[in-house]
Amino acid sequence: MSLKTNSLASQAPTAPTAQSLLITGRTGTLGRAFRKVCHIRGLAAVCLGRDELDIADADAIAQALERYQPWAVVNAAGYVRVDDAEADTARCYRENAVGPALLAQACATHGIQLLTFSSDLVFDGQQAQAYLETDRARPLNVYGHSKLQAEQAVLAHLPSALVVRTSAFFGAWDSHNFVHHALAAARAGQPFAAADDLLISPTYVPDLVNTALDLLLDEERGIWHLTNHGTCTWAELARQAVCAAGLDTAGIVPRPAASFGWAAVRPGFSALRSQQGILLPSIESGLQRYLTDEQLLQSASPPAVLVD
Ligand SMILES: NC(=O)C1=CN([C@@H]2O[C@H](COP(=O)(O)OP(=O)(O)OC[C@H]3O[C@@H](n4cnc5c(N)ncnc54)[C@H](OP(=O)(O)O)[C@@H]3O)[C@@H](O)[C@H]2O)C=CC1
Ligand SMILES: Cc1cn([C@H]2C[C@H](O)[C@@H](COP(=O)(O)OP(=O)(O)O[C@H]3O[C@@H](C)C(=O)[C@@H](O)[C@H]3O)O2)c(=O)[nH]c1=O
């Protein structure tokens, strides 16, 4: 397996290949990151939003595959509002389980590969060491159940599919993530409450996308765990990010998860690691590159590829 480095500056675009990847979830964090990284790596890609491809609509999938004839589908679409999912169950299952299952069926029909994403929230947190791909999944909430159902359906329809379990995204390419909010609060001198009893493995989105693409290009299959290397609580993640940015950590307020009143139960421990070894750099490395990306984006002339 060839793992690429993930520095934005070090990846020169190359000539696009004839056949494209088809990426769903164009407006989301992961979909946007796939589009950027494909551009940087010179991989031809067509990115479709819900208006062009509703992944839970079998006819729409068939039309898209017919039209674009991709060599693989990257499913970056999904329902991620973990607390809302407890009441919005039908929609959560439609987007997280029905959609990936239909994509897998269609990819099997066309004889093409599928990369889709699952979550650490398929686990119940009863383990004391980082979860491996082979550990038993037992979700505690609706979102986690929908992701486990997707994993099982996808691999039943398409055993060659690549199913990546990942967790707790952070990245500078959009603001929809915990690290962004922790840094924004520190910069504004505002308090920032963060759970200090949930242990996770955070994931720097460009690392995830590069490694997932490497695995896809290498024709890997089955379930893979991809997060940055390491384990921390959300409060420690906030502290590490704020500290790395040279800001005052005094505003970070560690609190038990139960005090937040969330609708969905989270596992107390959901750190992931891979039985294949250490596949992504450390959390510290991800945070450093987050801050570098942030500076690049705020510079007078940010790299065109990073600007939507
Ligand atoms: N964020 C995280 O920390 C983690 C995310 N994941 C998984 O990664 C994937 C992407 O997450 P992320 O990028 O954060 O999510 P976002 O909420 O940022 O993006 C989700 C995308 O999916 C699209 N979408 C939802 N339903 C459909 C549908 N039926 N048809 C087509 N498009 C649809 C949304 O479109 P629209 O804008 O129209 O709603 C949006 O573009 C998900 O599968 C998620 O479960 C896994 C672990 C951690
Ligand atoms: C905004 C905020 C969140 N949090 C906590 C809540 C939550 O546990 C965590 C992140 O909040 P979120 O709502 O973004 O994420 P949450 O829904 O818990 O996290 C998950 O997202 C889904 C999609 C996944 O698949 C998981 O891997 C995981 O990242 O941080 C704080 O402690 N303080 C805060 O100010």
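# A tour from helix pair to ligands

Begin by selecting H7 and H8, which lie oblique to each other, a word kept for angles that are not under 35 degrees (roughly parallel), over 145 (roughly antiparallel) or 65 to 115 (roughly perpendicular). The model is predicted, and local features need pLDDT of at least 70 and side-chain atom pairs pLDDT 80 or more, whereas totals for chains, interfaces and linings use all residues. To find your way, count residues from 1 along each chain as its sequence is written, with chains lettered from A and ligands numbered from 1 in the order in which they are written.

**The first helix pair**

H7 covers residues 234-244 and H8 covers residues 283-298, and the two pack at an angle of about 50 degrees with their axes 10 Å apart. Axes are fitted to C-alpha atoms, for helices over the stretch in contact, and angles run from 0 to 180 degrees between N-to-C directions. H7 passes H8 in a right-handed crossing, the near helix being turned clockwise from the far one by less than a right angle (anticlockwise would be left-handed). Now show the contact (C-beta atoms, placed from the backbone, within 7 Å): H7 brings Gln240, Ala241 and Ala244, while H8 brings Ile283, Glu284, Leu287, Gln288 and Leu291. By class, this contact has 5 nonpolar, 2 polar and 1 charged residues.

**The second helix pair**

Next select H3 and helix H4 (residues 142-157), whose axes come within 8 Å and cross at roughly 15 degrees. That angle makes H3 roughly parallel to H4, and their crossing is right-handed. Among the residues that meet here are Cys92, Tyr93 and Ala97 of H3 and Tyr143, Ala150 and Val154 of H4. The contact of H3 with H4 has 12 nonpolar, 6 polar and 1 charged residues.

**The sheet**

Keep helix H3 (residues 89-110) on screen and add what it lies across, namely S3 and strand S4 (113-119), with H3 running at about 160 degrees to S4. Helices (H or I, at least four residues) and strands (E, at least two) are DSSP runs numbered from the N terminus. Widen the view to the open sheet of 6 strands, which are ordered S2-S1-S3-S4-S5-S10 and pair in parallel. At its edges, strand S2 (45-48) and strand S10 (222-225) each pair on one side only, where pairing needs at least two DSSP bridges. Neighbouring strands of this sheet are turned by 20 degrees against each other on average, direction ignored. For one pair in detail, choose strand S1 (residues 21-24) and strand S3 (residues 72-75), which run parallel and are joined by 4 bridges, and then look at Thr24, which stands opposite Asn75 in S3.

**The two ligands**

Turn to ligand 1, where Gly28, Thr29, Leu30, Ala77 and Gly78 come nearest of the 28 residues around it (C-beta within 6 Å). Helix H1 (29-41), H3 and S4 each supply at least two residues of this shell, and the largest share, 3 residues, comes from H1. The shell around ligand 1 divides into 11 nonpolar, 13 polar and 4 charged residues, with Ala, Val, Leu, Ile, Met, Phe, Trp, Tyr, Cys and Pro counted as nonpolar, Asp, Glu, Lys and Arg as charged, and the others, Gly among them, as polar.

Finally select ligand 2, which has 16 residues around it, with Val80, Val82, Ser119, Ser167 and Ala168 coming nearest. Helix H5 (178-188) and strand S7 (192-195) each supply at least two residues of the shell around ligand 2, and S7 gives the most, with 4 residues. The shell around ligand 2 holds 11 nonpolar, 3 polar and 2 charged residues.

Key: Two residues are in contact if their C-beta atoms, placed from the backbone, lie within 7 Å.
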